[in-house]
Amino acid sequence: MSAKESYNKIFELMKSHHDWFANSIPLIASENIPSTAVREAIVSDFGNRYAEGWPGERVYAGCTFIDQVEIICNELARKVFNAEFADCRATSGVVANLAIYSGFTLPGETMIATSIPNGGHISHGKKEHFGTAGHVCGLNIEFFPFSKEEMTIDVDLTKKKILDLINNGKSPKMGMFGGSLFLFPHPVKELVDFMHDHKMFINYDGAHVAGLIAGGEFQDPLGEGVDSMTMSSHKTLWGPQGGIILSLERYAETIKKSIFPGNTSSHHLHHVAGKAIALAEVLEFGKDYAKQVIKNAKKLAESLAGYGFTVLGEKRGYTQSHQIAVDVSKYNDGGTIEKDLEKSNIILNRQLLPGDIQAGRHYMHPSGIRIGANEVTRLGMKESEMIEIANFIKRVVIDKEDTNNIKRDVTEFKKQYQKLKYVFDGQLEAYKYISLVQV
Ligand SMILES: *Cc1c(COP(=O)(O)O)cnc(C)c1O
């Protein structure tokens, strides 16, 4: 391809992507659709500037307006999450975690976190898996004992494990709550005092559930006593891709330095503006949104279970978050099912489930799929639409109907859901491709 052909091709591919998503059911639990307002921030000149440091103490000139936006962003984050301190400069959830690891641990120290099949994130992982905590920060990783039945961390076994580690000279310095497969709140209030008594720093990784916490519909980690909370700004929070850190005031100076110069130089100012806009939207509409997301996730879980699907967490009503996890191994492996659903314009992820590694399963072919109700809820869908979505999934996975038929029906269904809800006025269609140049 010539340069101009490549150039043209890129626009063509981006437009095809927009058309595909406009015609699809987006169920990836770690994604959301930002408002047109957030998208406007992303194309602004903020994205071309530097502002190293803290507002008012910048290393760069030209920050007059950038500083004011960043101050508003941090104020909104403190207000939305009822936090003493907020820093919105982390360029992603992983960078937010890096800032916490590097600010409050030393290489060789031990962190206790959730393993990946039990819902942990690769940024909490061991060196041998190139997990960020082990690979970049040299932490030794131990895992929380986990109950598959309850789909959460086991409190008594965790206390015992921490005492055993202390007795073996491997005292954990950091406790990391939160995860990527996250159906039920973690037992933070049950464990914080014990962990603090044993001199641990406690972070809660709210990457997935931040929007639910913001809406007051999930646990409140800071209220329950953690020292800091990290998050992504684009999962159940509906901002641009990025990260945010919250903490008690007494950790503010360490976190500020840990972000800059420790872990960022440019902190993607267009995304800071986008985070500020998203947080303002959350302050106004976040409660209603979070409530509906959880209702939708429950309804989708119940509808799938009604078709015979094995939905995890049955004992506890399947979910208290935006996510549901389904063991699909009686039909096929999660990887194959993900592909069949994708061909039908239903976009979700395969998922390692608790027990998969022991059973010799691999992340390419795990036993599960993970479904998020976050993006479809932003498009205005409610419980009745969840019943329809469950039926589409059943037609693909159980009936093994021709994916072309289902794709046609999904496209027809999706026509009614092209506008975002929970937004201030003046929005374009959710998946509208915004053209700035003539190609
Ligand atoms: C997604 C996720 C992250 C990483 O966030 P990015 O913004 O993609 O860097 C960190 N922790 C958890 C638990 C996650 O699910």
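Two strands are said to pair if DSSP finds at least two bridges between them, and with that in mind I would like to begin with strands β2 and β10 of this model, which, I should say at once, is a predicted one. Strand β2, residues 85-87, and β10 pair in the antiparallel sense over 3 bridges, and within that pairing the bridge partner of Phe85 is Ser247 in β10.

Strand β10 has another partner to consider, since strand β9, which covers residues 228-232, also pairs with β10 in the antiparallel sense, over 5 bridges. In that pairing Met229 stands opposite Leu246 of β10.

How many of the 5 residues of β10 are buried? The count is 5 of the 5 in residues 243-247, so the strand is largely enclosed by the rest of the structure. In a regular strand the side chains alternate between the two faces of the sheet. In β10, Gly243, Ile245 and Ser247 point one way, while Ile244 and Leu246 point the other way, and all of these residues are buried.

Let me turn to another sheet, an open one, in which 4 strands follow the order β11-β12-β15-β14 with antiparallel pairing. Its edge strands are β11, at 310-311, and β14, at 349-351, each of which pairs on one side only. Strand β12, residues 323-327, and strand β15, residues 368-372, pair with each other in the antiparallel sense over 5 bridges, and there Ile324 stands opposite Ile371 of β15.

Next come the aromatic rings, of which the structure holds 17 pairs. One of these is formed by Tyr7 and Phe11, an edge-to-face pair with 5.2 Å centre to centre and 65° between the planes. Both residues lie in helix α1, residues 3-22, and they are 4 residues apart, which is about one turn of the helix. Is each of these two residues buried or partly exposed? Tyr7 has a relative accessible area of 39% and is therefore partly exposed, whereas Phe11, at 17%, is buried because the cut-off for that class is under 20%.

Phe413 and Tyr417 form a further aromatic pair, this one tilted, with 5.2 Å centre to centre and 45° between the planes. Here Phe413 is buried, with a relative accessible area of 4%, and Tyr417, at 8% relative accessibility, counts as buried too. Elsewhere, ring pairs link Phe104, Phe201 and Tyr251 into a cluster.

Rings also appear in this model beneath charged groups. The charged end of Arg378 sits over the ring of Trp238, 3.8 Å from its centre, and the charged end of Arg316 sits over the ring of Phe184, 4.2 Å from its centre.

Phe184 brings me to my last topic, because Phe184 is also one of the residues that line the largest cavity. Rolling a probe the size of a water molecule over the atoms shows where empty space is left. How many cavities of 30 Å³ or more does a search of the whole structure find? The search finds 1, and about 40 Å³ of space lies in the largest cavity. Besides Phe184, the lining is made up of Asn118, Phe146, Met151, Leu181, Phe182, Leu183 and His186. By class, this lining has 6 nonpolar residues and 2 polar ones, with no charged residues.

Technical notes:
Residues numbered from 1 in each chain as written. Predicted model: local features only at pLDDT ≥ 70, side-chain atom pairs only at ≥ 80, totals over all residues. Heavy atoms only, no water. 1 Å grid on protein atoms, 1.4 Å probe; cavity = no way out; pocket = protein on both sides within 12 Å on 5 of 7 lines; lining within 4 Å. Points joined across faces, edges and corners; volume = space filled by probe spheres on them. Nonpolar A, V, L, I, M, F, W, Y, C, P; charged D, E, K, R; others polar. Phe/Tyr/Trp six-rings, centres within 6.5 Å; stacked < 30°, edge-to-face > 60°. Helix = DSSP H or I, 4+ residues; strand = E, 2+ residues; numbered from the N terminus. Buried < 20%, exposed > 50% of the residue type's maximum accessible area, 1.4 Å probe, protein only. Lys NZ or Arg CZ within 6 Å of the ring centre and 35° of its normal.
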